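Hi everyone, thanks for coming. I'd like to walk you through one structure today, going from the overall picture down to a few single residues. Please have a look at it on the screen first.

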Amino acid sequence: MEDKVCKKCGSNKLIERAQIVDYGHMNQMNDLSIHIKTTDKIFFNKYEKGKLTAEICGSCGNVELSINNPHELWEAYLKNKSL
Ligand SMILES: [Zn+2]
């Protein structure tokens with residue numbers, strides 16, 4: 001398999017699968033994620049969640065985001081559109 005390179009500058013210094021966190025109250029770390037609502041209730045709706053991970057170029061700083069469960073999110077998106 002070929003080494004992955006940065007799409008912007010072509011460097012192979014890629015930091016793969018970096019976790020993206022948000023520091024909340026009391027410095028508690030929360031993973032940044034995508035939420036898609038799959039039910040249409042006033043309370044207690046269900047969501048499909050997807051955790052974001054980043055690929056960071058150690059040369060130019062370009063960041064590419066990706067998600068761990070694209071198929072589940074797509075299904076949730078279709079469900080959400082038909083609500
Ligand atoms: Zn780069």
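The protein chain has six strands and one helix. If you follow the chain from its N terminus, the order is β-β-β-β-β-β-α, with the helix coming after the strands. Its radius of gyration is 17 Å, well over the 12 Å that the globule rule gives for 83 residues, so the chain is more spread out than a compact globule. Please keep in mind that this is a predicted model.

What are the spans along the principal axes? For the C-alpha trace they come to about 50 × 35 × 20 Å. As for burial, 22% of the 83 residues count as buried. The chain exposes about 6800 Å², and carbon and sulfur atoms supply 52% of that area. Now to contacts: if we take those between residues at least 6 apart in sequence, 42% of them join residues at least 24 apart.

Let's turn to charge. The chain carries 12 positive and 11 negative charges, and the mean positions of the two sets are 6 Å apart. In general, side chains of opposite charge can pair when their charged atoms come close. How many salt bridges does this structure hold? There are five, and I'd like to show you three of them in turn.

Here is one between Glu16 and Lys4, whose side chains meet at 3.7 Å, N to O. Glu16 lies in strand E1, residues 14-19, while Lys4 is in the segment before E1, so this pair ties together parts that are 12 residues apart in sequence. Are these two residues buried or partly exposed? Glu16 is partly exposed at 48% relative accessibility, and Lys4 is partly exposed too, at 43%. This pair also belongs to a wider arrangement: Lys4, Glu16 and Glu55 are linked in a network of salt bridges.

Next, look at Glu64 and Lys7. Their closest N and O atoms are 3.4 Å apart in a salt bridge. Here the pair links distant parts of the chain, with Glu64 in strand E6, residues 63-67, and Lys7 in the segment before E1, 57 residues apart. Lys7 counts as exposed, with 71% relative accessibility, whereas Glu64, at 30%, counts as partly exposed.

The next salt bridge brings together the side chains of Asp31 and Lys51, at 3.8 Å from N to O. Asp31 sits in strand E3, residues 29-31, and Lys51 in strand E5, residues 47-57, so the pair ties together parts 20 residues apart in sequence. Asp31 is partly exposed at 33% relative accessibility, and Lys51 is partly exposed at 33% as well.

Lys51 comes up again when we move on to Ser33, a residue of strand E4, residues 33-37. Which residues does Ser33 touch, leaving out those up to four places away in sequence? They are Gly50, Lys51 and Leu52. Ser33 itself is partly exposed, with a relative accessible area of 34%. Compare its position with that of Val21: the two are 12 residues apart in sequence, and their C-alpha atoms are 9.1 Å apart in space.

Now over to the helix. Asn80 lies in helix H1, residues 70-81, and at 29% relative accessibility it is partly exposed. Where does Asn80 make contacts, again setting aside residues up to four places away in sequence? It touches Ile36 and Lys37. Asn80 and Thr38 are 42 residues apart in sequence, yet 5.1 Å apart in space, C-alpha to C-alpha.

Before I stop, a quick look at the backbone, at two residues with positive phi. Arg17 has phi near 50 degrees, a positive value in a residue other than glycine. Arg17 is in strand E1, and it is exposed, at 65% relative accessibility. Phe44 has phi near 55 degrees, also a positive value in a residue other than glycine. Phe44 is found in the loop between E4 and E5, and with a relative accessible area of 77% it counts as exposed.

That's the tour, thanks for listening.

Definitions and conventions
Residues are numbered from 1 along each chain as its sequence is written. This is a predicted model: local features need pLDDT of at least 70, side-chain atom pairs count only at pLDDT 80 or more; totals for chains, interfaces and linings use all residues. Side-chain values use heavy atoms; hydrogens and water are left out. Helices (H or I, at least four residues) and strands (E, at least two) are DSSP runs, numbered from the N terminus. The radius of gyration is taken over C-alpha atoms; the globule rule is 2.2 Å times the number of residues to the power 0.38. Buried means under 20% relative accessible area, exposed over 50%, partly exposed in between (1.4 Å probe, protein chains only). Contact means heavy atoms within 4.5 Å. Accessible areas come from the Shrake-Rupley method with a 1.4 Å probe; for residues, only the protein chains shown count as cover. Lys and Arg count as positive and Asp and Glu as negative; His and the chain ends are not counted. The place of a charge is taken as NZ of Lys, CZ of Arg, CG of Asp or CD of Glu. A salt bridge is a side-chain nitrogen of Lys or Arg within 4 Å of a carboxyl oxygen of Asp or Glu.
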